[in-house]
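Open the model in a viewer and keep the sequence panel beside it. The stops below follow one another as selections.

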Amino acid sequence: MAARTLLVTGSSGLIGSAVTEHFIAQGWTVHGVDNNMRAQFFGPEGDTRWNQARLAETHGAQFRHHELDIRDRQGVLDLMATLRPTAIVHTAAQPSHDKAAQIPFDD
């Protein structure tokens, strides 16, 4: 069987990390995209680097992190061309409703 590669956006967050673990348990290789925006909005209490490190330590070669903001169109296109993933699960999201209201065009 051909290797199955999954791209998960927001891989360090609650839902993204659960998706990552589920697919790794099924034999997939997961490439996670995350830029830790929670730390920018919520400070140290919102930082998700601990979860990113946990995924890398727990799963070794089956998980690879890519530091990328999904609003970086060219960066996303380049990563897609390089990885050519079998599937994509999009779990990245604006973590702050208040901030979203303040910056609707960025959001």
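## First stop: a strand pair

Select Leu6 and look across to β2, where Val30 stands opposite. Strands and helices here are DSSP runs numbered from the N terminus, with at least two residues (E) for a strand and at least four (H or I) for a helix. The model is predicted, so local features need pLDDT of at least 70 and side-chain atom pairs count only at pLDDT 80 or more, while totals for chains, interfaces and linings use all residues. Residues are numbered from 1 along each chain as its sequence is written, and side-chain values use heavy atoms, with hydrogens and water left out.

Leu6 belongs to strand β1, residues 5–9. Is Leu6 buried or exposed? Leu6 is buried, at a relative accessible area of 1%. The cut-offs are under 20% relative accessible area for buried, over 50% for exposed and partly exposed in between, using a 1.4 Å probe and protein chains only.

Now show the contacts of Leu6, counting heavy atoms within 4.5 Å. With neighbours within four places in sequence set aside, the partners of Leu6 include Val19, Phe23, Trp28, Ala87 and Val89. A distance label between the C-alpha atoms of Leu6 and Ile24 should read 9.1 Å; the two are 18 residues apart along the chain.

## Second stop: β2 and its partners

Select residues 29–34, strand β2, in which 5 of 6 residues are buried. β2 pairs with β1 in the parallel sense over 5 bridges; pairing requires at least two DSSP bridges between the strands. From β1 the chain passes through helix α1, residues 14–25, to β2, in a right-handed β-α-β crossover. Right-handed means that, with the strands pointing away from the viewer, the path from the first strand over the helix to the second runs clockwise.

On to β3, residues 63–67, which runs parallel to β2 and is joined to it by 5 bridges. Here Asp34 stands opposite Glu67.

## Third stop: helix α1

Colour α1 by burial. Its buried residues are Gly16, Ser17, Val19, Thr20 and Ile24. They lie on the same side of α1, because they cover an arc of only 160 degrees around the axis, taken from the directions from the helix axis to the C-beta atoms. Leu14, Ile15 and Ala25, on the other side of α1, are exposed. The buried residues pack against β1, β2, α3 (49–59), β3 and β4 (87–90). Next along the chain after α1, select Gly27, which has a positive phi near 95 degrees.

## Fourth stop: the cores

Select Leu6, Val8, Val19, Ile24, Trp28, Val30, Leu55 and Phe63: these 8 residues form the largest nonpolar core. β1 and α1 are the elements that give two or more residues to this core. Such a core is a set of buried Ala, Val, Leu, Ile, Met, Phe, Trp, Tyr and Cys residues joined through side-chain atoms within 4.5 Å. Another core lies apart from it, with 5 residues, among them Leu7, Leu68, Leu79 and Leu83.

## Last stop: helix α4

Select residues 73–83, helix α4, and pick out Gly75, Leu79 and Leu83, which are its buried residues. Viewed down the axis of α4, they fall within an arc of 55 degrees, so they line one face of the helix. These buried residues pack against β1, β2 and β3. Arg73 and Ala81 are exposed on the other side of α4. End at Arg84, just after α4, with a positive phi of about 45 degrees.
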